[in-house]
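Notebook open, structure about to go up on the screen. I'll jot down what I look up as I go.

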Amino acid sequence: MKAVQFAEHGDTDVIEYGEYPDPEIDRDEVLVDIKAAALNHLDIWTRRGMPGIDLEMPHIPGSDGAGVVEDVGEDVTRFEEGDHVALSAGVGDLRMDDPTLDPRFHIIGEHVTGVHSEYAAIPEDNLIPVPDHVDWAVAGSSSLVFQTAWRMLIERADLEAGESVLVLGASGGVGHAALQIADYAGAEVYATGSTAEKLDYAEEHGADHVCNYEEEDFADWVLSETDGRGVDVVVEHVGAPTWQNSLKSLTKGGRLVTCGGTGGGNPETDIPRIFWNQLQIIGSTMATPDQVDDVLELVWDGTFEPAIREELPMSETARAHEIIENREGFGKVVVRPDSEL
């Protein structure tokens with residue numbers, strides 16, 4: 001088969017699309033004919049090299065994808081040939097109440113072989129049924145960001161109707177999912193973006209108030225919009241460039257929930273503000289199987305929708321990485337096997 005792969009860490013020039021051994025399924029695995037897959041910031045970090053993660057090379061990236069079941073292992077009971085499925089990339093001990101807290105928890109595409117390829121062997125437990133009417137681009141681009149944002153807001157931050165939420169970067173990745181989920185939960189939604197187009201998108205998908213963070217300090221804006229009170233919850237995934245303002249945007253007793261630090265993972269922090277205002281700093285990673293099912297049902301029925309900025313052949317995956325790194329437009333970048341085009 002052909003697959004996106006890299007044999008060393010580095011810039012986009014390490015990415016190749018070429019021949020790779022066909023996957024062989026184990027007893028509990030499913031062979032999936034990949035129809036569409038999406039990129040996340042995670043793919044950028046994996047390509048560059050993540051501290052403490054030693055990948056087997058060459059590595060196939062990709063933590064989002066969907067396709068048709070081609071074959072199943074002898075212990076597989078939930079799927080059969082011809083079924084439409086999508087990947088849920090978190091791998092943990094399902095005997096635990098919360099598999100994301102398994103010390104051995106890892107992510108397909110980040111720690112082990114991903115799905116940016118013509119075919120992928122995927123554990124049965126990491127597949128979600130997809131209704132036949134769902135477009136492949138939607139099925140292949142929704143799982144990671146929507147499950148992440150759902151767990152952040154609904155489970156970890158325990159968001160309630162009537163509360164206020166600030167969503168940073170509301171038109172990209174986790175941001176566009178969090179925007180829709182916060183609105184669905186009945187929150188008053190404040191959103192930031194860097195262009196008029198992104199802010200228009202945010203307003204169309206649930207934002208009650210929008211701010212161009214390139215033109216004004218978003219913390220000052222939040223405090224002005226809330227008469228100095230601040231918001232109950234901040235959805236934070238940028239890190240160092242926004243951390244101080246995210247804390248400043250919270251009301252007393254507010255919650256900052258974070259799933260990453262795409263702009264830098266070691267920000268300076270304001271400890272007096274945290275203890276004096278009794279703020280909660282909450283980490284969140286991926287989601288449990290039940291949480292994945294809950295949110296993706298709302299994607300499949302059209303309640304939520306991913307923003308898709310571009311679809312490219314897998315042979316142009318290096319370009320797809322550049323689009324994300326250079327912040328060109330907004331929404332998910334979807335890649336398809338060249339053989340599908």
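Which residue's side chain meets that of D75 in a salt bridge? I looked it up, and the partner is R27, at 2.9 Å from N to O. For my notes, a salt bridge here is a side-chain nitrogen of Lys or Arg within 4 Å of a carboxyl oxygen of Asp or Glu.

Ground rules before going on. I'm working with a predicted model, where local features need pLDDT of at least 70 and side-chain atom pairs count only at pLDDT 80 or more, while totals for chains, interfaces and linings use all residues. Residues are numbered from 1 along each chain as its sequence is written, and side-chain values use heavy atoms, with hydrogens and water left out.

**Entry: salt bridges**

I get 17 salt bridges in the structure. Back to the pair of D75 and R27: D75 sits in the loop between β4 and β5 (84-87), and R27 in the loop between β2 (16-19) and β3, so this salt bridge ties together parts that are 48 residues apart in sequence. Helices and strands are DSSP runs numbered from the N terminus (helices H or I, at least four residues; strands E, at least two). D75 is partly exposed at 38% relative accessible area, and R27 is partly exposed at 45%. My scale for this: buried is under 20% relative accessible area, exposed is over 50%, and partly exposed is in between, with a 1.4 Å probe and protein chains only. I also noted that R27, E74 and D75 are linked in a network of salt bridges.

Next I checked R48, which forms a salt bridge with E325, the closest N and O atoms being 2.7 Å apart. R48 lies in helix α1 and E325 in helix α10, so here the parts tied together are 277 residues apart in sequence. R48 is partly exposed at 39%, and E325 is partly exposed at 27%.

One more pair: the side chains of D93 and R95 meet at 3.0 Å, N to O. Buried or exposed, what is D93? D93 is buried, with a relative accessible area of 15%, whereas R95 counts as exposed at 73%.

**Entry: helix α1**

Since R48 took me to α1, I stayed there. The helix covers residues 41-48, and L42, D43, I44, T46 and R47 are buried in it. What covers those buried residues? The cover includes β3 (29-38), β7 (106-107), α3 (143-156) and α10 (317-325), with contact meaning heavy atoms within 4.5 Å. After α1 comes G49, whose phi is positive, near 110 degrees.

**Entry: the open sheet**

I traced an open sheet of 6 strands in the order β12-β11-β10-β13-β14-β15, with parallel pairing. The edge strands are β12 (209-212) and β15, each pairing on one side only. Strands count as paired if DSSP finds at least two bridges between them. The twist averages 20 degrees from one strand to the next. Strand β14 (residues 250-258) runs parallel to β15 and is joined to it by 4 bridges; T258 stands opposite G283 in β15. I then found α3 lying across β10 (164-167), β13 (231-236), β14 and β15, at about 155 degrees to β13. Axes are lines fitted to C-alpha atoms, for helices over the stretch in contact, and angles run from 0 to 180 degrees between N-to-C directions.

**Entry: backbone oddities**

Where is the cis peptide bond? It runs from M57 to P58, with omega near -5 degrees. P58 is in the loop between α1 and β4 (64-72).

I also looked up positive phi values outside glycine. Q278 has phi near 55 degrees and sits in the loop between α8 and β15 (280-283). M286 has phi near 50 degrees and sits in the loop between β15 and α9 (289-300). Their burial went in too: Q278 counts as exposed at 63% relative accessibility, while M286 counts as buried at 4%.

**Entry: a nonpolar patch**

Last lookup: I271, F275 and W276 make a nonpolar surface patch of about 410 Å². Patches are made of residues with over 30% relative accessible area and no salt bridge; like charges are joined within 9 Å, and nonpolar side chains (Val, Leu, Ile, Met, Phe, Trp, Tyr) within 5 Å. Areas come from the Shrake-Rupley method with a 1.4 Å probe; for residues, only the protein chains shown count as cover. W276 is in helix α8 (residues 271-276) and is exposed at 64%.
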